[in-house]
Structure formats: C-alpha cells, structure tokens
Amino acid sequence: MCTVCGCGDAKLEGHSHPHPHDHHHGHGHSHGHSHEHDHGHDHGDIHFGEGLAGVHVPGMSQTRIVQIERDILGHNDHLAAHNRQWLAEHGIFTLNLVSSPGSGKTTLLCRTVTEVAGRYPVSVIEGDQQTSFDADRIRATGAPALQVNTGKGCHLDAHMVQSALGRLKPADDSVLFIENVGNLVCPAAFDLGEAYKVAILSVTEGEDKPLKYPDMFHAAGMMILNKVDLLPYTDFDVERCIDYARRVNPDIVVLKLSARTGEGFDQWLAWIAEGRRRAAAMRVQ
C-alpha cells in the first residue's frame with residue numbers, strides 16, 4: 001500500500017503544501033521481476049503480500065512497515081474524523097468516488113452534476129496526479145470544483161481534503177463529490193471523512209476486479225457497474241462480478257448504469273438525494 005511507496009508532494013491549484021506522509025525511505029514498490037535465475041526449476045507463484053504487513057519493501061522488516069503504516073494511517077484517521085465532524089455539522093453528504101483509470105467516473109460525475117442542477121448545491125474536489133482537465137470538465141457544468149494535484153502521490157488523503165474544504169467552502173445541506181486518483185489500491189486505506197466510498201467498475205474491465213483488489217471493494221459502500229450500454233459488445237459477466245464483490249463485502253450496494261445513455265441513473269440520483277436528506281436532517285438535530 002501507499003504508506004511505503006514514497007509519495008511526492010501534493011499541490012492545490014495556486015497553492016502547495018507538504019504531503020503529510022512521513023516516509024522514512026525512498027521507493028518501496030515491489031517490482032515485477034525476481035533476482036532468482038531461471039534454471040528450469042518448477043515455477044511457483046510468488047507472493048510478496050503474505051507477511052505481517054501484507055506488503056514487501058526491500059531492506060525493511062515487516063514489523064517496521066507495520067509501525068510506519070500505523071503512524072501514517074493514525075494521523076490520517078485523526079484528520080479524517082475532523083473532516084467528518086465538520087461535514088456533519090454543515091449537513092454535507094460526501095461521496096468518495098474511487099476506480100481504476102478509464103472507468104468513466106468523470107463522465108459519471110459530470111452527468112450527475114448536470115442532472116441535479118437546480119435541485120440542491122453540489123461541489124467537487126477533483127484528485128489527479130497532474131493537470132486540471134477533469135476539474136475543468138466539472139466547472140463547465142456550472143458546479144464549483146477544486147483540483148488537487150498529488151504529484152507522485154497515488155491517492156488523496158484527509159489533509160488534502162481538509163485544505164480543499166477550506167478553499168472550496170461547500171454550501172450547507174449540499175452534496176460534495178470527491179473524485180479520487182485513479183487507483184484501486186492505496187485509496188482503500190485512506191479515510192477522507194466521506195460518508196461512503198463508491199467503487200466504479202466499468203464493464204470494459206474484468207469482472208474479477210473485486211477479488212483482485214479486495215481491500216477497495218471491502219471498504220466501499222457501493223459498487224457502480226458503469227458502461228452497461230456496452231454489455232452487448234463485451235463478454236463481461238455481470239452476475240459473476242456481483243458475486244465476487246459480495247464475497248468480499250456482503251453488504252455492498254450494487255447499481256448498474258450508463259453514464260453515457262443515462263440508463264439506471266434514476267436509482268443513482270435517488271440514492272444521492274436520500275443521503276443528502278439524511279445528512280441535512282442530522283444537521284438540524
């Protein structure tokens with residue numbers, strides 16, 4: 001996971017601040033090669049995630065990795081709790097949209113913002129490593145959006161969101177969408193203070209994604225199967241995918257829709273509206 005990968009600095013538009021991760025080393029991603037020579041022996045699979053920490057970092061013990069992760073995630077969770085309290089006090093229903101690149105989450109977000117325009121206020125925190133392309137697409141719909149560029153970082157964290165909230169100033173009783181960096185690994189571990197993580201999986205990807213990336217689908221409250229209009233042109237097995245997701249997370253809510261055609265969108269919009277209603281009601285109390 002990202003606590004040991006050497007993320008770089010994150011930058012808000014017009015402002016930079018140190019990435020809050022306190023890394024103690026350089027890059028730690030395990031690379032897809034082995035230093036063992038091939039002498040024609042039996043080739044068993046190699047698992048670098050079987051230790052206490054569930055991750056491999058050359059030159060670092062499993063105990064040390066666990067300690068670093070606890071320190072970083074503990075600090076992040078503390079900030080996330082403050083974010084969640086602030087959002088609750090303002091009745092803001094917040095969704096953290098996560099997916100691999102190309103799932104269609106920005107298209108989904110643009111259509112969602114357009115569909116709810118005039119019903120209630122919406123704002124967006126947009127995460128990417130570089131560029132403001134996606135935030136520009138959101139702004140074109142008329143919704144306020146703030147780009148957060150993470151540099152070498154592969155996820156948003158609670159400190160980045162806290163800084164973005166201070167600048168974006170979302171309205172009371174509104175909906176806030178956080179579009180995370182395209183990545184099904186590291187964002188699973190980092191609470192941002194959201195009400196739900198929403199994992200978006202397109203039917204142009206493999207139906208085995210929930211088993212390949214179980215931490216993300218376990219952390220998500222909802223899985224959206226996007227691009228269902230393309231099902232006639234793929235061999236994607238919808239029921240198998242849902243079964244895999246529920247093996248990882250029996251309580252996950254599943255919606256099937258197309259951000260392009262609008263198929264299935266009424267159910268998605270109704271779910272958001274109900275979440276916003278509950279958040280606003282809690283603020284009143």
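A residue counts as buried under 20% relative accessible area, as exposed over 50%, and as partly exposed in between. These exercises use that scale on a predicted model.

**Exercise 1. Place Y196 on the scale: buried, partly exposed or exposed?**

Step 1. Take the relative accessible area of Y196, which is 29%.
Step 2. Compare it with the limits: buried is under 20% and exposed is over 50%.
Step 3. Y196 is therefore partly exposed.

**Exercise 2. Sort S174, T106, T131 and K169 with the scale.**

Step 1. S174 has 1% relative accessibility, so this residue is buried.
Step 2. T106 has a relative accessible area of 7%, so T106 is buried too.
Step 3. T131 stands at 34%, so it counts as partly exposed.
Step 4. K169 stands at 60%, so it counts as exposed.
Step 5. Now take the whole chain. Of its 285 residues, 50% count as buried.

**Exercise 3. Follow the aromatic pairs around W271. What parts of the chain do they link?**

Step 1. Search the whole structure for aromatic pairs. There are four.
Step 2. Take F93 and W271. Their ring centres are 6.0 Å apart, the planes meet at 65°, and the pair is edge-to-face.
Step 3. Find the two residues in the fold. F93 belongs to strand β3 (residues 93-99) and W271 to helix α8 (residues 265-284). They are 178 residues apart, so the pair links distant parts of the chain.
Step 4. Check the exposure. F93 and W271 are both buried.
Step 5. Turn to Y196 and W271. The centres lie 5.2 Å apart and the planes are at 55°, so this pair is tilted.
Step 6. Find Y196 in strand β7 (residues 196-202), with W271 in helix α8; the pair therefore ties together parts 75 residues apart in sequence.
Step 7. Put the rings together. Ring pairs link F93, Y196, W268 and W271 into a cluster.

**Exercise 4. Which residue lies over the face of F265?**

Step 1. Start at the ring centre of F265 and look for a charged group over the face. R111 is found there, at 5.5 Å from the centre.

**Exercise 5. Describe strand β6. Is it covered or open, and which strands pair with it?**

Step 1. Count its buried residues. Strand β6 covers residues 175-179, and five of its five residues are buried, which leaves the strand mostly covered.
Step 2. Look at the two sides. V175, F177 and E179 point one way, while L176 and I178 point the other way. Both sets are buried.
Step 3. Find the partners. Strand β3 runs parallel to β6, joined by five bridges. In that pairing, F93 has V175 as its bridge partner.
Step 4. Strand β4 (residues 122-128) also runs parallel to β6, again over five bridges. Here I125 is bridged to I178.
Step 5. Recall the ring pairs. F93, bridged to V175, also pairs with W271.

**Exercise 6. Trace the chain from β8 to β9. What is the hand of the crossover?**

Step 1. Pair the strands. Strand β8 (residues 222-226) and strand β9 (residues 253-256) are parallel, with four bridges.
Step 2. Pick one bridge: M223 is partnered by V254 in β9.
Step 3. Follow the path. The chain leaves β8, passes through helix α7 (residues 238-248) and reaches β9. This β-α-β crossover is right-handed.

**Exercise 7. Map the surroundings of S174 and T106.**

Step 1. Place S174. It sits in the loop between α4 (158-168) and β6.
Step 2. Find its polar contact. The side chain of S174 reaches the backbone oxygen of A171 at 2.5 Å.
Step 3. Leave aside neighbours within four places in sequence. S174 then contacts G91, I92, F93, P121 and R276.
Step 4. Place T106 in helix α2 (residues 105-116).
Step 5. Leave out residues up to four places away in sequence. T106 then touches E126, D134, R137 and E179.

**Exercise 8. Where do T131 and K169 lie, and what is the sign of phi in each?**

Step 1. T131 lies in the loop between β4 and α3 (133-139). Its phi is positive, about 70°, although T131 is not a glycine.
Step 2. K169 lies in the loop between α4 and β6. Its phi is also positive, near 50°, and K169 is not glycine either.

**Exercise 9. How many helices and strands does the chain have?**

Step 1. Count the elements: eight helices and nine strands.
Step 2. Add the contacts. Among those between residues at least 6 apart in sequence, 72% join residues at least 24 apart.

Definitions and conventions: Residues are numbered from 1 along each chain as its sequence is written. This is a predicted model: local features need pLDDT of at least 70, side-chain atom pairs count only at pLDDT 80 or more; totals for chains, interfaces and linings use all residues. Side-chain values use heavy atoms; hydrogens and water are left out. Rings of Phe, Tyr and Trp (its six-membered ring) pair if their centres lie within 6.5 Å; planes under 30 degrees apart count as stacked, over 60 as edge-to-face and the rest as tilted. Helices (H or I, at least four residues) and strands (E, at least two) are DSSP runs, numbered from the N terminus. Buried means under 20% relative accessible area, exposed over 50%, partly exposed in between (1.4 Å probe, protein chains only). A charge sits over a ring if NZ of Lys or CZ of Arg is within 6 Å of the ring centre and within 35 degrees of the ring normal. Two strands pair if DSSP finds at least two bridges between them. A crossover is right-handed if, with the strands pointing away from the viewer, the path from the first strand over the helix to the second runs clockwise. A polar contact is a pair of N or O atoms within 3.5 Å; within protein, one must be able to donate a hydrogen and the other to accept it, and residues adjacent in sequence count only if both atoms are side-chain atoms. Contact means heavy atoms within 4.5 Å.
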